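Please look over the structure shown here, paying attention to how its helices lie against one another and to any enclosed space inside it. The report that follows takes up these two topics in turn.

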Amino acid sequence: MRVRPAAALAGALLGMSTLFLPATALARPAAASASDTLTARAATARTHAPVAVAHRGASAYAPENTLAAVDEAAERGIRWVENDVQRTKDGELIIMHDTTLSRTTDVEQVFPGRAPWKVSEFTAEEIEQLDAGSWFGPEFAGEPVPTLEDYMETVEDNGQSLLMELKAPELYPGVERQTLRLLRREGWLDRSHIKRRLIIQSFSAGSVRTVHELRPEVRTGFLGAPAVADLPTYAAFADQINPNHKAVTPEYVAAIHAVRGAHGRPLQVFTWTVDDGPTAVKLAWAGVDGVITNKPDVIRDALDAA
């Protein structure tokens, strides 16, 4: 287990007090059109302003999906982080967004004859040799690709919560069961974690459904923007519908909230990926429940200042 800096834990605890802002703190637009009225109603219907979720960690400030990015989010007072889970050739679960290693590591230099450098074609021991930080900045030289086990320990040490994405699960048969098994071993499937600190999402509806069937108590999210008529189908196994922010309208969010999800509560909406304050405030008025962002402190502060 890595030793966490004291500032990380302190920042995480501090962030809990600033993460949820009263809906009344969001400024109402001066001119109220019919659409503005609908968004205002959507915003005031919630008891909290949207959650700021650190996309792949605080990835505007540290290399994405690394322990450094998780710590950076904690130091900036951000409680929720998002990550991507994949599997190595020899069955180890690791944290990596792309299905290839070339964009965010030095794999082309370390293993030059192995193009196209797919995650699934490298063992965990080989991936341990890679530098996942230098591409972002020299101060992060030598930052490793974390295993899911190391990642969970860091999130736990920081007192953070996790929006976990199963990336390209069609490439990794059985990854849902394997991930849940590791989460159980790490203590993340107890009542406290499940209720407050864990959501599993995927672009694959089949994968989300599998997670729900294996562990019905775990909250789940579908990444995408299904047609309104199809929302009840997704609600049978999901608690969230998480679309790209360009697909978000007040009407669509209201339609999602009108459907009860797998745990009997209204479906939530976590939208992605938003890095500027004005857009975040607009989305808050549209009624979203969470904003996934590379700059979580910027988004949180924009909502606070609105």
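When two helices pack together, the angle between them is put into a class: angles under 35 degrees count as roughly parallel, over 145 as roughly antiparallel, 65 to 115 as roughly perpendicular, and the rest as oblique. With this in mind, consider helix α12 (residues 277–286) and helix α13 (residues 296–305), which in this predicted model pack at an angle of about 60° with their axes 9 Å apart. That angle belongs to none of the named ranges, and α12 and α13 are therefore oblique to each other. Where α12 passes α13, the crossing is right-handed. On the side of α12 the contact is made by G277, A280, V281 and A284, while α13 contributes I299, A302 and L303. Sorted by class, the residues of this contact of α12 with α13 are six nonpolar and one polar, with no charged residue.

Two further helix pairs, which have α7 in common, can be read in the same way.

| Helix pair | Angle | Axis distance |
|---|---|---|
| α6 (residues 148–157) and α7 (residues 175–185) | about 45° | 11 Å |
| α7 and α9 (residues 205–214) | roughly 45° | within 9 Å |

By the rule for angles, α6 and α7 are therefore oblique to each other, and their crossing is right-handed. L148, E149 and M152 of α6 meet T179, L182, L183 and R185 of α7 in this contact, whose residues divide into four nonpolar, one polar and two charged.

The pair α7 and α9 is likewise placed in a class by its angle, and α7 and α9 are therefore oblique to each other; the crossing of α7 and α9 is right-handed. Here α7 takes part through E176, R177 and L180, and α9 through S207, T210, V211 and L214. In the contact of α7 with α9 there are three nonpolar, two polar and two charged residues.

We turn now from helix packing to enclosed space. How many cavities of 30 Å³ or more does the count give? The count comes to one cavity of 30 Å³ or more, and the largest cavity has a volume of about 50 Å³. The residues that line the largest cavity are E64, N65, T66, I95, M96, H97, T104, A132, V145 and P146. By class, this lining has five nonpolar, four polar and one charged residues.

Note on methods. Residues are numbered from 1 along each chain as its sequence is written. This is a predicted model: local features need pLDDT of at least 70, side-chain atom pairs count only at pLDDT 80 or more; totals for chains, interfaces and linings use all residues. Side-chain values use heavy atoms; hydrogens and water are left out. On a 1 Å grid over the protein atoms alone, a cavity is a set of points where a 1.4 Å probe fits but cannot get out, and a pocket is an open set with protein on both sides within 12 Å along at least five of seven lines; lining residues have an atom within 4 Å of a point. Grid points are joined across faces, edges and corners, and a volume is the space filled by probe spheres set on the points. Ala, Val, Leu, Ile, Met, Phe, Trp, Tyr, Cys and Pro count as nonpolar, Asp, Glu, Lys and Arg as charged, and the others, Gly among them, as polar. Axes are lines fitted to C-alpha atoms, for helices over the stretch in contact, and angles run from 0 to 180 degrees between N-to-C directions. Helices (H or I, at least four residues) and strands (E, at least two) are DSSP runs, numbered from the N terminus. A crossing is left-handed if the near helix is turned anticlockwise from the far one by less than a right angle, and right-handed if clockwise. Contact means heavy atoms within 4.5 Å.
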